[in-house]
Amino acid sequence: MTQITPTQTINAPLINKLVVIGIGLIGGSLALGLKKRFACNEVIGIARREKTCEEAIALGVVDRAYTSLAEVAGELCAGDVIFISVPTLSVKTILEEIKTCVSAEVTLTDGASVKGNVQLAAQEVYGEVPAQFVLGHPIAGAEKSGVSAANPDLYEHHRVILTPLSTTGVTHFELVTKLWHAVGAEVLTMTVAEHDEVLAATSHLPHAIAYSLVDTLAQDIGNPNIFRYAAGGFRDFTRIASSDPIMWHDIMRANKQSVLHALDLFIDNLTRLRTGIETEDSEYLLGVFTRAKVARDHFTNMLAKRAFVNSMSTQKIDYVVQPGGKVVGTIRVPGDKSISHRSIMLGSLAEGITEVEGFLEGEDALATLQAFRDMGVVIEGPINGYVKIHGVGLHGLKAPSKSLYMGNSGTTIRLMSGILSGQTFDVEMSGDESLAKRPMNRVANPLREMGAQIDTGEGGRPPLKIRGGAQLKAINYVMPMASAQVKSCVLLAGLYAKGTTRVTEPAPTRDHTERMLTGFGYSVKREGAVAELTGGGKLIGTKIEVPSDISSATFFMVAASIAPGSDVTLTHVGINPTRIGVINILRLMGGDLTLSNERTVGGEPVADIRVRYAPLKGIRIPEDQVPLAIDEFPALFIAAACAQGETILTGAEELRVKESDRIQSMADGLQILGIDAKPTHDGIIIQGGQLQTGAVETHHDHRIAMAFTIAALRATGPIHVKDSTNVVTSFPTFVQLAKQTGINLEVINH
Ligand code: S3P
């Protein structure tokens, strides 16, 4: 499918004469639309009935109208357009008439909903489809029909599919494209076959079902009062059963094979649903309904052109942040991303139900959730952070019907590699532009040592293909880098391996996998730098409360630390000892942070953190803090830029392989904002100074976007944070909380 963008605006009328054959909703709306936009000099209507001609003239839809094309055919020449908008099966008769009286210079196009039979009709009439005929289909029907329903704005922001053939003339094709652009439509091209298949599923099948449902209620249910009580659901579902019967009769016949195929799939699904209801199979019913709800919500978001929180943001946004101000208030940032991922993974692999509270409804964690749904796990929610997972056990996942899409999420792809290496089926995982650049051999290599069969894309990057059926064996893995993702991946593969899998880490990294496995009743032995588990056990469903993400809280901790007058309290923040590097580093810099209300929830320590402004000083960041603050450096670099003196970071080469090269992205942005920031191979040297105004790139990295947003608190002018779209991967409420606490931020849609 190709989209064609408008190339010019219209000054002079685009065409001289437009002839509309069949003056109903579709043809009448094109006529009115072009007239309203002064895009044609004259509209001539052709209708079978005299009365329609009179009505069309009276409504101002056409300037002249006739019951026969022959009456005007002689007037038409190059640059004029005939639009055939009659029911699909009548197109052939119209073409026969056109052939006898219309010159080959005149452009022809149509609006029929099936293209295969129109192509065939043209071939039968002309021998081959003539160059002047551009087959098309505006996707803008309505249940109303007739010329009185014609609407000049019907095609605004609607799609028109053109299905050009090798015989189609370029000038005719261009003229038809411009004509649709002129009435505000988006023009796409497809092959005829593709068009008919797509439309059978998305339009013809729903119409067949709507007609059949209403007919069932009207005829078979036998209660004459039934429609009196049929409100909401009935009305929403059956609106399209009021569409033009002749038109739909023609469409069903014209696209018979594709419609039958779509109907067969639907009937199968409906039969399975019937069995599910008959046998009271709640699992099955919930599976269908939750999957369908997600799909439908996704569709609603697409229509509203909002970012889909799965799959993923389509519309780019920037932030423009005004300088100065302070942050004040008490806020709760969303749930921890690392823990949210793991709750879905372990909940799915457990036996029985797992209930999760505080789940992060950000795109990354939702990518994990969707992947398990794609493998047959029934997951209810998320609704306000509540998720209910119907675990299938370690061996209950099913082969997904398509490749799993991980979006921006490194944690999903790397941890899932471990789980998927132990399955009996093949699977492929891919991701977005940023994920496609990230190194995967760090997990593929140890998994191969365990016996997994994995292919990576070029240079050890996604997509990953994992072949099923491998018998994994336990290994003793000494990690070359401090990475919780690698550790977790190997441990998760260890669940499927024969023997005891042991992972040794060079420095402590987040231990959520080990803690959560224990919470699911799976024994994990931990001694110093080593974590080990033995394959062949089972996980039992449990309840999980996800604390707020310290990585998201960080942006407000730094914001409060750098902006005079600030006083922010962040509640219920996870303070797992493997994650508190940011607190330690900010305190070393002179930050004023107080922890209160310390408690343990679901095996994870949490606290409320109060942060007040305090002048910061530059420091040499202790290397042992690096893995404990690995995601917090973009924000900490802003703290360093606002501190007095020099801050030196070393031992942090891992930052170069995050969602972007965070050393380079931050150094570039800081330099644009007038800060002396020198990247080194494993860190950065930042001289504290005065942040200036400027526009910075985020390289699709959520944390770079949020870091430069808070920087504006100390800048001399606005900061334009380009492409902040991915903030929703980890922190969907960032904009709202930033504004609420006092950051003057505006979101700009592209
Ligand atoms: C994570 C581990 C870290 C971190 C990432 C989440 C996890 O990655 O940067 O955001 O949930 O295990 P590495 O393992 O690559 O350090």
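These legends describe close-up views of a predicted model. Residues are numbered from 1 along each chain as its sequence is written, and side-chain values use heavy atoms, with hydrogens and water left out. Local features need pLDDT of at least 70 and side-chain atom pairs count only at pLDDT 80 or more, while totals for chains, interfaces and linings use all residues.

**View 1. The shell around the ligand.** Ser338, Arg342, Thr411, Arg414, Ser483, Ala484, Gln485, Arg510, Ile630, Asp631 and Lys658 surround the ligand (a residue counts if one of its heavy atoms lies within 4 Å of the molecule). Two of these residues are nonpolar, four polar and five charged (Ala, Val, Leu, Ile, Met, Phe, Trp, Tyr, Cys and Pro count as nonpolar, Asp, Glu, Lys and Arg as charged, and the others, Gly among them, as polar). At least two residues of the shell come from each of helix H13 (337–349), helix H15 (410–420) and helix H17 (484–494) (helices, of at least four residues, and strands, of at least two, are DSSP runs numbered from the N terminus).

**View 2. Polar contacts of the ligand.** A polar contact is a pair of N or O atoms within 3.5 Å. Ligand oxygen atoms lie 2.7 Å from a side-chain N or O atom of Arg342, 2.6 Å from one of Ser483 and 2.5 Å from a polar side-chain atom of Asp631. The protein covers 96% of the 380 Å² of accessible area that the ligand has on its own (Shrake-Rupley method, 1.4 Å probe).

**View 3. The ligand between two domains.** The ligand lies between domain 3 (317–332 + 547–749) and domain 4 (338–545), because both give residues to its shell. The domain bounds come from an automatic or database domain assignment.

**View 4. Backbone around Pro382 and Asn384.** Most residues other than glycine have a negative phi, and most peptide bonds are trans. The peptide bond from Gly381 to Pro382 is cis, with omega near 0 degrees, and Pro382 lies in strand E14 (residues 378–383). Asn384, in the loop between E14 and strand E15 (386–392), has a positive phi of about 45 degrees.

Methods: A polar contact is a pair of N or O atoms within 3.5 Å; within protein, one must be able to donate a hydrogen and the other to accept it, and residues adjacent in sequence count only if both atoms are side-chain atoms.
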